[in-house]
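Biologist: Could you take me through the helix packing in this model, going slowly over which residues make each contact and how they are arranged?

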Amino acid sequence: MKPSASTLHASPAASPIQAVLFDLDDTLWAIEPVLVRAETLLYDWLRQHAPAVAAAHTIASLRERRMALMQTDPAYRINLWKLRHTALSEVFREHDVDLALVDPAMALFSEARSTVALFDDVEPALLRLKGKLTLGSVSNGFADLERIGLAGHFGVSIAAHRFGRAKPDPAIFHAACEALQVAPGATVYVGDDPLLDVQGAQQAGLKAVWMNRFGRVLPEGIRPDAVCRDLHELHDWLEAQCAA
């Protein structure tokens, strides 16, 4: 029998927990199938509307272009929408494709990027938590929570590309806490990335729960306040912390 979340790397709360902030990708839904579908739809669109680009590139080579472009400017690590838009613009320009087509291409990708399959536990657990704690989200991605249907659960939702700073920068965590009028020490951040989410939140003064849905192994030296396999375990851990 696996240990419950409350016994995994748990530590007593230094101050009462008042708020929970959530990462999105691979925390509330699996991101890989979303990106595969979105990039496939975009590539099919390119075949029809920019055939010269599709003839010269594969999905993989377009991804390589983005990764190379990301190394040229730190801003691209924060604003992933801008990274994709700029990379498409460059490729369109190289192949004499009308640059006016970049925006509809991005609109198609963005819509697909926000067409996600929530993990089964997400909506029931958020409804349970919402009645007890203040909820918010902080993400480096650019999913549209209104389109996804989750915006109503959160008192604040901060996306790096709009805020101008990205995790693990303490500023993005602190901005969410300030918006919720809750101190960092009374806030828990929940995410799947040990460095960006766990270490980043802890260095900003928040408690951090590692959402380990896929049986991954923690890097050495990273110690979350708790490890959970789903939001039901998170709910139980939070209840135990609040009752302590």
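Modeller: In this predicted model, the axes of helix α5 (residues 80-94) and helix α6 (residues 102-113) come within 10 Å of each other and cross at roughly 140°, an angle that makes α5 oblique to α6. The crossing of these two helices is right-handed. On the α5 side the contact is made by Trp 81, Arg 84, His 85, Leu 88, Ser 89 and Phe 92, and these meet Val 102, Asp 103, Ala 105, Met 106, Phe 109 and Ser 110 of α6. Sorted by character, the residues of the contact between α5 and α6 comprise seven nonpolar, three polar and two charged.

A second pair to set beside this one is α7 and α12, which pack at an angle of about 20° with their axes 9 Å apart; that angle makes α7 roughly parallel to α12. The crossing of α7 and α12 is left-handed. Here the contact draws on Val 122, Pro 124, Ala 125, Leu 126, Arg 128 and Leu 129 of α7, together with Leu 231, His 232, Leu 234, His 235, Asp 236 and Leu 238 of α12. The residues of the contact of α7 with α12 divide into eight nonpolar, two polar and two charged.

Helix α7 (residues 122-130) deserves a closer look in its own right, since Val 122, Ala 125, Leu 126 and Leu 129 are buried within it, and these four cover an arc of only 100° around the axis, which puts them on the same side of α7. The general background is that an α-helix has 3.6 residues a turn, so residues three or four places apart point the same way. The partners of the buried residues of α7 are β1 (19-22), β2 (134-139) and α12 (231-243), and Val 122, Ala 125, Leu 126 and Leu 129 also appear among the α7 residues that make the contact with α12.

Returning towards α5, one residue to follow is Met 70, which lies in helix α3 (residues 59-70). Met 70 has a relative accessible area of 12% and is therefore buried, the cut-off for that term being under 20%. Leaving aside residues up to four places away in sequence, Met 70 touches Tyr 76, Arg 77, Leu 80 and Leu 83; of these, Leu 80 and Leu 83 fall within the range of α5, residues 80-94. As for Val 182, that residue is 112 residues from Met 70 in sequence and 34 Å from it in space, C-alpha to C-alpha.

Methods
Residues numbered from 1 in each chain as written. Predicted model: local features only at pLDDT ≥ 70, side-chain atom pairs only at ≥ 80, totals over all residues. Heavy atoms only, no water. Buried < 20%, exposed > 50% of the residue type's maximum accessible area, 1.4 Å probe, protein only. Arc of directions from axis to C-beta. Contact = heavy atoms within 4.5 Å. Axes fitted to C-alpha atoms, helices over the stretch in contact; angles between N-to-C directions. Parallel < 35°, antiparallel > 145°, perpendicular 65-115°, else oblique. Left-handed = near helix turned anticlockwise from the far one by under 90°. Nonpolar A, V, L, I, M, F, W, Y, C, P; charged D, E, K, R; others polar.
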